[in-house]
Amino acid sequence: MTQPISYGGRPLTPAPGAPTPELRVARFRGHARRLSWSAIVLIGVAAATGFFYGNLPAPLENWMLLSAAGVVVLLLVLLPFLRWWSHVYTITTRRVLERNGVLNVRHRELDHVRGYTIQVRRGLLQRMWGAGTLTLSNGVDPALRLVNIPSVDLVHEALVDQVEVNQILAHRDALPPLPPQPPLPAAR
């Protein structure tokens, strides 16, 4: 039997029955455009604080201005950023993982080898930004939604490739091994 060939940077196909390492294909978060309002609020708070610092009316003091600015930045800038930062999707050669949460972390995963349907939904704003929502459903577990992800077409293609490769490897490994072939007689 000939050795497997690698094309275009793809890893070599493992021998039948050999364990395959789990490699990370992609890791991404939701599109960062949802943080644009937070950026506008941060710029506005910085401008207002700089303008009013030292120019407040008599009953108000500068520490009140700074504490109000800190609360606004915490609630409208830092918390949305942490929420966005903590929601991570990872595609490996075996499964799709979703990790969500800062203090209370929640994990979900969906194996490629079981197969699943992929539904792509793109609204008008998502099309403008090149984003979309993928819904992965295998018919048994609750659907896994990859919400507002960037480069949705590329992620969709990677998922289809991984499902196909995993199912081919699973079917190949499920076949019984071929009996050994007798050696060919030597030519004289």
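This passage describes a buried histidine, a nonpolar core and a nonpolar surface patch in a predicted model. Residues are numbered from 1 along each chain as its sequence is written, and side-chain values use heavy atoms, with hydrogens and water left out. Local features need pLDDT of at least 70 and side-chain atom pairs count only at pLDDT 80 or more, while totals for chains, interfaces and linings use all residues.

A good place to start is H112, in the loop between β4 (106-111) and β5 (117-121); strands are DSSP runs of E, at least two residues, and helices are runs of H or I, at least four, numbered from the N terminus. H112 is buried, with a relative accessible area of 0% (buried is under 20%, exposed over 50%, partly exposed in between; 1.4 Å probe, protein chains only). Its side chain makes a polar contact with the side chain of Y116 at 2.9 Å (a pair of N or O atoms within 3.5 Å; within protein, one must be able to donate a hydrogen and the other to accept it, and residues adjacent in sequence count only if both atoms are side-chain atoms). The backbone oxygen of T92 also lies 2.9 Å from a polar atom of the H112 side chain.

Turning to the largest nonpolar core (buried Ala, Val, Leu, Ile, Met, Phe, Trp, Tyr and Cys residues joined through side-chain atoms within 4.5 Å), L136, L146, I149 and L159 touch the most other members among its 15 residues. At least two core residues come from each of β2 (88-92), β6 (131-137), β7 (144-150) and α4 (152-174), and α4 supplies the largest share, 4 residues.

On the surface, V71 of helix α2 (residues 62-85) is partly exposed, with a relative accessible area of 47%.

Conventions. Patches are made of residues with over 30% relative accessible area and no salt bridge: like charges are joined within 9 Å, nonpolar side chains (Val, Leu, Ile, Met, Phe, Trp, Tyr) within 5 Å. Accessible areas come from the Shrake-Rupley method with a 1.4 Å probe; for residues, only the protein chains shown count as cover. A salt bridge is a side-chain nitrogen of Lys or Arg within 4 Å of a carboxyl oxygen of Asp or Glu.
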